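I'm opening a fresh page for this one. I'll look things up one at a time and jot down what I find.

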Amino acid sequence: MSSTPIVPHVTSEIGNLEAVILHTPGPEVENMTPGNAERALYSDILNLPVAIEEYQQLSGVLNKVSKTFQVKDLLTEILIDPDIKVSLVERICTHEKVLNIKEDLLSLNNKELAAQLIEGVALKRDSLTTFLSDERYALRPLHNFFFTRDASVTVYNQIMISKMANKVRERESIIMDAIFNYSPHFKTSIINPMNTWHVGTETFIEGGDVLIARDDILIIGNGTRTSTQGIDFLAEQIKTQKGKKHIVVQQLPESPESFIHLDMIFTLLDRDTCMIYEPLLRQENSYATILMTIENGVVKEISRQPGLLQCLKSLGMDLKPVPCGGTDLWQQEREQWHSGANFFAHGPGKLIGYARNVHTLEALNQAGFSIIKAADVISNKTDLSDYEKYVITIEGSELPRGGGGARCMTMPVRRSKVNW
Ligand SMILES: NC(=O)NCCC[C@H](N)C(=O)O
């Protein structure tokens, strides 16, 4: 590698994207049956060729606007160092209690090892126990790794490795930890709750819940994937940052599964615009918004707030909300379910989202965003510099069945500063 390493830096959800980590879905998304899809955290089973075609619309657009990295390439590359290879395999086998397959894994070439760590390692039927086992894998496939947003988060100039709420996603964090520790492409310091002695089993925090709204404002979802202890862990790290920082916590319902992360009901679109799922963020409900203010290393204030938008307004972020699904409750529910609120901004007002959520797109169009097809961007039929505010639409018949949208499928490592 000849280029200088990237120093991670993210202080907003909308700054021009400079580097992003992606993972093109592979066989791991098909390595399941309807019977175990729920255990894989899917609401349905996926068709891989269609999912890949859809995904290539996302990656094709991102390749045009930013430097992109693929997890599998990054992983294969760090495995070249024999010490890293041994320590990562040992760590995974110890964590997943399968030290018996360690030698088999170490005998694989780096590319094959990287593939198996992601796609799953088949259980050998060479003992009575494994012969009779209902399991198919010694190491389960990482079905959800194409949602690269969740297993690690760029928080200002550091990388936080997530402490996942579900075992089936824990290896994603271990792999991201190894990548950020050893990849020559990045130069960073890492916060890892798994390496912190006082972190208990109730501490979990995932990237889909962590939104860096502005230099001084983090918005964090508190629900099935991010516990109050997880937020307190992050708050401890924020205490080491200079200046006043605000952590806005938004509680989320436990069900249905489409409310797993904050970014499924709320995303930032532009300096003054956000996408919201109205039933949870504008109507009376029991899900609280809480503001924590941290200054000089201590929590100065914790208070209940009248709502997320009002709280952000009081902090000087007066956002115009665009309703996911438009104005009709049934369409709102349908489109939120298919990740209709989950937009990724590659720059201020420059969005990527699913084409299927037509009522949401109509609401965005009314708010001044042009609707552009990803295929037209990739083929150069459309020149993005002709537009100021737009949504690039990607096909999404299969990808949303995995439970996420464009924001979930991107892990920004570096964004430029926003000219507020
Ligand atoms: N940020 C996100 O909302 N990510 C989507 C994750 C979906 C995945 N099936 C999961 O349940 O973890």
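Is V199 buried or exposed? I looked up its relative accessible area and got 17%. The cut-off for buried is under 20%, so V199 counts as buried. Note to self: this is a predicted model, so I'm reading computed values throughout.

**Entry: more on V199**

I placed V199 in the loop between β7 (189–191) and β8 (210–214). Setting aside residues up to four places away in sequence, I found V199 touching K163, P193 and F233. I also checked V199 against S133: they sit 66 residues apart in sequence, and their C-alpha atoms are 33 Å apart in space.

**Entry: the ligand**

Next I went to the ligand. Which residues come nearest to the ligand? There are 15 residues around the ligand, and L41, N144, R225, G402 and C408 come nearest. I sorted the shell by type and got 5 nonpolar, 6 polar and 4 charged residues.

Then I looked at polar side-chain atoms. N144 has one lying 2.7 Å from a nitrogen atom of the ligand. R225 has one at 2.7 Å from an oxygen atom of the ligand. H261 also puts a polar side-chain atom by a ligand oxygen, at 2.8 Å. How much of the ligand's area does the protein bury? On its own the ligand exposes 350 Å², and the protein buries 99% of that.

**Entry: C408**

C408 was on my list of residues that come nearest to the ligand, so I gave C408 its own entry. The UniProt record, an unreviewed entry, has an "active site" annotation that covers C408. I found C408 in the loop between β19 and β20 (411–415). Its relative accessibility is 2%, which means C408 counts as buried. What does C408 touch once neighbours within four places in sequence are left aside? I noted F146, F147, T148, R149, D263, M264 and N342.

**Entry: S339**

I moved on to S339, which is in the loop between α11 (329–337) and β16 (344–347). With a relative accessible area of 3%, S339 is buried. Its side chain has a polar atom 3.3 Å from the backbone oxygen of G404. I also found a polar atom of the S339 side chain 3.5 Å from the backbone nitrogen of G405. Not counting residues up to four places away in sequence, S339 touches M264, Y354, N357, G403, G404 and G405. I'd already written down M264 as a contact of C408.

**Entry: A341**

I looked up A341 and found it in the loop between α11 and β16. How accessible is A341? Its relative accessible area is 0%, so I wrote A341 down as buried. Leaving out residues up to four places away in sequence, A341 touches D263, M264, I265, F266, T267, M275 and C324. I checked the C-alpha atoms of A341 and T360 too: they are 7.9 Å apart in space, with the two positions 19 residues apart in sequence numbering.

**Entry: T393**

T393 is in strand β19. I got a relative accessible area of 6%, so T393 is buried. With residues up to four places away in sequence not counted, T393 touches Q57, G353, A355, L361, I371, I372, K373 and A374.

**Entry: backbone angles**

Which residues other than glycine have a positive phi? I noted L41, with phi near 70°, and N380, with phi of about 70°.

L41 lies in the loop between β1 (17–22) and α1 (48–65). At 23% relative accessibility, L41 counts as partly exposed. I'd met L41 before, among the residues that come nearest to the ligand.

N380 lies in the loop between α13 (374–378) and β19 (390–394). Is N380 buried or exposed? I read 56% relative accessibility, so N380 counts as exposed.

My last lookup was a peptide bond. The bond from S255 to P256 is cis, with omega near -5°. P256 is in the loop between β10 (245–251) and β11 (266–270).

How values were computed. Residues are numbered from 1 along each chain as its sequence is written. This is a predicted model: local features need pLDDT of at least 70, side-chain atom pairs count only at pLDDT 80 or more; totals for chains, interfaces and linings use all residues. Side-chain values use heavy atoms; hydrogens and water are left out. A residue is near a molecule or strand if one of its heavy atoms lies within 4 Å of it. A polar contact is a pair of N or O atoms within 3.5 Å; within protein, one must be able to donate a hydrogen and the other to accept it, and residues adjacent in sequence count only if both atoms are side-chain atoms. Accessible areas come from the Shrake-Rupley method with a 1.4 Å probe; for residues, only the protein chains shown count as cover. Ala, Val, Leu, Ile, Met, Phe, Trp, Tyr, Cys and Pro count as nonpolar, Asp, Glu, Lys and Arg as charged, and the others, Gly among them, as polar. Helices (H or I, at least four residues) and strands (E, at least two) are DSSP runs, numbered from the N terminus. Buried means under 20% relative accessible area, exposed over 50%, partly exposed in between (1.4 Å probe, protein chains only). Contact means heavy atoms within 4.5 Å. UniProt positions are given in the numbering used here, feature names are shortened, and annotations may be inferred rather than shown by experiment.
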